[in-house]
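Hi,

Here is the structure I said I would pass on. Have a look at it first, and then read on for what turned up in it.

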Amino acid sequence: MNFITAKPAPKSVVLPHFAFAALSFLALGILLLFSEDALVGHYFHPKLLTLTHVAVLGWATMIIFGSLYQLLPVILQVPLFSAKLALFTFGFLAVGTLMLAYAFWTFSVGLPLYMASCFLVISFLLFNLNLFLTTRQTKNWTIEADFIFTSGIWLLTTGVIGLLMAFNFSYPFLKESHLHYLKLHAHVGMAGWFLLLIIGVGSKLLPMFLLTHKLPTKLLSGSYYLINLGLLLFSVDHLFLHTPYQTIYALAVGAGMLLFGCFVVQAYRHRVRKKVDAGMQQSLVAVALMVLPIVLVVAVSEQAPMPEKTRLQWYLAYGISIFLGFISALILGQTYKTLPFIVWMHRYQHLVGKQAVPQPKDLYRESWVRWQNISYFLGLVTLLIGVAWVQPVLLKAGSGLFLLTALIYNINVFKLLSKGLKTN
């Protein structure tokens, strides 16, 4: 199974997602450089809310949507149900993200925030509709399909919680404090949407790129049930029970993550392709980075004794380890495994056998990817240390390295996109 055998989605659907995501990552690097004050305070800060949602929506969710429209036919062996529906989803997500970033940066909790939240929920509804109508075509349902379909439901749940919180700013109707629901909103999005989706797609793509065949799926099944069980128990407890056992639910999710890590280790050990390129190296680093948020979530739990100010800083480091760590590292790596194939298919596939054509790996500079990976890793480590121990110099240095990473990434991505837009 590969990219070539599946019917590709139109490039007019896929490529805009990568362009918007790359620019969002660049904007994130710029905003991060001017948010040093927000990185040494409470996580409920207008600048931090802006950074988080630019990272979550404009960067990660946008590129995931675009990738899925191309990869679903590969994973499920069925065509995407509707390209037009995907374009409408893109429009609502893009406009909603921009409006939400403006609303949080200026802390405009009125009409801009309401409209942004509504646009985003509409985009999630349309995405789930397209996902449902696509997955229902498949005759061979797999554990990967379970991950992907369930992640879409959690994404919509995250959006609805966010919409309710947006209106609660001006018209208070929720029983608990805003921070109480913010914690639920964040964890449902992180574990329910991103984690499940990444495992579902990664469990298919990572073995494919490593040329590993016929891996057992018991580890994936265990991962699926542990993550969903932990997340469901956390949500019910957080809303209704308020017990001190939330660390146990987090450990269940962490155990699911570790099972996926074991699956990736199996795929790596049994790989046919021994040489691992820069993009794949970054993806494997991302899998290793899953351990960091598991450690940090236990460290910041209420059972761990530490000063409250320290707990807040480490809680922020925990968030960074997920969004700028695990998730961003995987996106940075997998971009160079998916986008070159997408561009190659749309520009060169019809020329195979008629003239000499480049390979997907020839469409970008791998040396630049290696420099990008170095600046990213140094930036992440520096930023995490700066946040955890409140070191302004390290915060500025880490932010600068992230901006450098974003610049290199944008140069490579837009070179690829320019080739994808050309016609032969």
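Let's begin with a charged pair: D37 and K47 form a salt bridge, with their closest N and O atoms 3.4 Å apart. The two residues sit 10 residues apart, D37 in the loop between α1 and α2 and K47 in helix α2 itself, and the pair links distant parts of the chain. D37 has a relative accessible area of 44%, so it counts as partly exposed. Before you go further, please keep in mind that this is a predicted model.

**More salt bridges**

The count of salt bridges comes to five. Another of them joins the side chains of K396 and E36, at 3.6 Å from N to O. Why is this pair worth a look? K396 belongs to helix α13 (residues 392–421), while E36 is in the loop between α1 (11–33) and α2 (46–76), so the bridge ties together parts that are 360 residues apart in sequence. K396 is partly exposed, at a relative accessible area of 39%, and E36 is partly exposed as well, at 27%.

There is also a bridge between D362 and K361, where the closest N and O atoms are 3.6 Å apart. Here D362 is partly exposed, with 43% relative accessible area, whereas K361 reaches 56% and is therefore exposed.

**Helix α9 and its surroundings**

Next, go to helix α9, which covers residues 278–288. Which of its residues are buried? They are A278, G279, M280, Q282, S283, A286 and V287. As background, an α-helix has 3.6 residues a turn, so residues three or four places apart point the same way. The buried residues of α9 pack against four other helices: α6 (178–210), α8 (246–269), α11 (308–347) and α12 (366–388). At the N-terminal end, D277 acts as a cap for α9, with a side-chain oxygen 3.3 Å from the backbone nitrogen of G279.

Another residue of α9 is V285. With a relative accessibility of 32%, V285 is partly exposed, because buried would mean under 20%.

**A nonpolar patch**

V285 also takes part in a nonpolar surface patch of about 780 Å². The other members are W371, I374, F377, L378, V381, I385 and W389. Which helix gives the patch its largest share? That is α12, with six residues.

**Two buried polar residues**

T135 is in helix α4, which runs over residues 111–135. Its relative accessible area is 3%, so T135 is buried. A polar atom of the T135 side chain lies 3.1 Å from the backbone oxygen of F132. If you set aside neighbours within four places in sequence, T135 is in contact with L76, W141 and F149.

The second residue to look up is S24, in helix α1. S24 is buried too, at a relative accessible area of 8%. What does S24 touch, leaving aside its neighbours within four places in sequence? Its contacts are V54, G58 and W59.

**Backbone angles to check**

Two loop residues may catch your eye. Q77 has a positive phi of about 60°, although it is not a glycine. You'll find Q77 in the loop between α2 and α3 (83–105), and at 44% relative accessibility it is partly exposed.

V390 also has a positive phi, of about 50°, and is not a glycine either. V390 sits in the loop between α12 and α13. Its relative accessible area of 32% makes V390 partly exposed.

**Cysteines**

How many disulfides does the structure hold? The number is zero. In case you want to look at cysteines anyway, C118 is partly exposed at 31% relative accessibility, and C262 is partly exposed at 39%.

**Where to click**

If you only have a few minutes, I'd start with the K396 and E36 salt bridge. After that, try D277 at the N-terminal end of α9, and then the nonpolar patch that includes V285 and W371. Q77 and V390 can come last, each with its positive phi.

Happy browsing, and write back when you've had a look.

Cheers

Definitions and conventions: Residues are numbered from 1 along each chain as its sequence is written. This is a predicted model: local features need pLDDT of at least 70, side-chain atom pairs count only at pLDDT 80 or more; totals for chains, interfaces and linings use all residues. Side-chain values use heavy atoms; hydrogens and water are left out. Buried means under 20% relative accessible area, exposed over 50%, partly exposed in between (1.4 Å probe, protein chains only). Contact means heavy atoms within 4.5 Å. A polar contact is a pair of N or O atoms within 3.5 Å; within protein, one must be able to donate a hydrogen and the other to accept it, and residues adjacent in sequence count only if both atoms are side-chain atoms. A disulfide is a pair of cysteine sulfur atoms within 2.5 Å. Patches are made of residues with over 30% relative accessible area and no salt bridge: like charges are joined within 9 Å, nonpolar side chains (Val, Leu, Ile, Met, Phe, Trp, Tyr) within 5 Å. Accessible areas come from the Shrake-Rupley method with a 1.4 Å probe; for residues, only the protein chains shown count as cover. A salt bridge is a side-chain nitrogen of Lys or Arg within 4 Å of a carboxyl oxygen of Asp or Glu.
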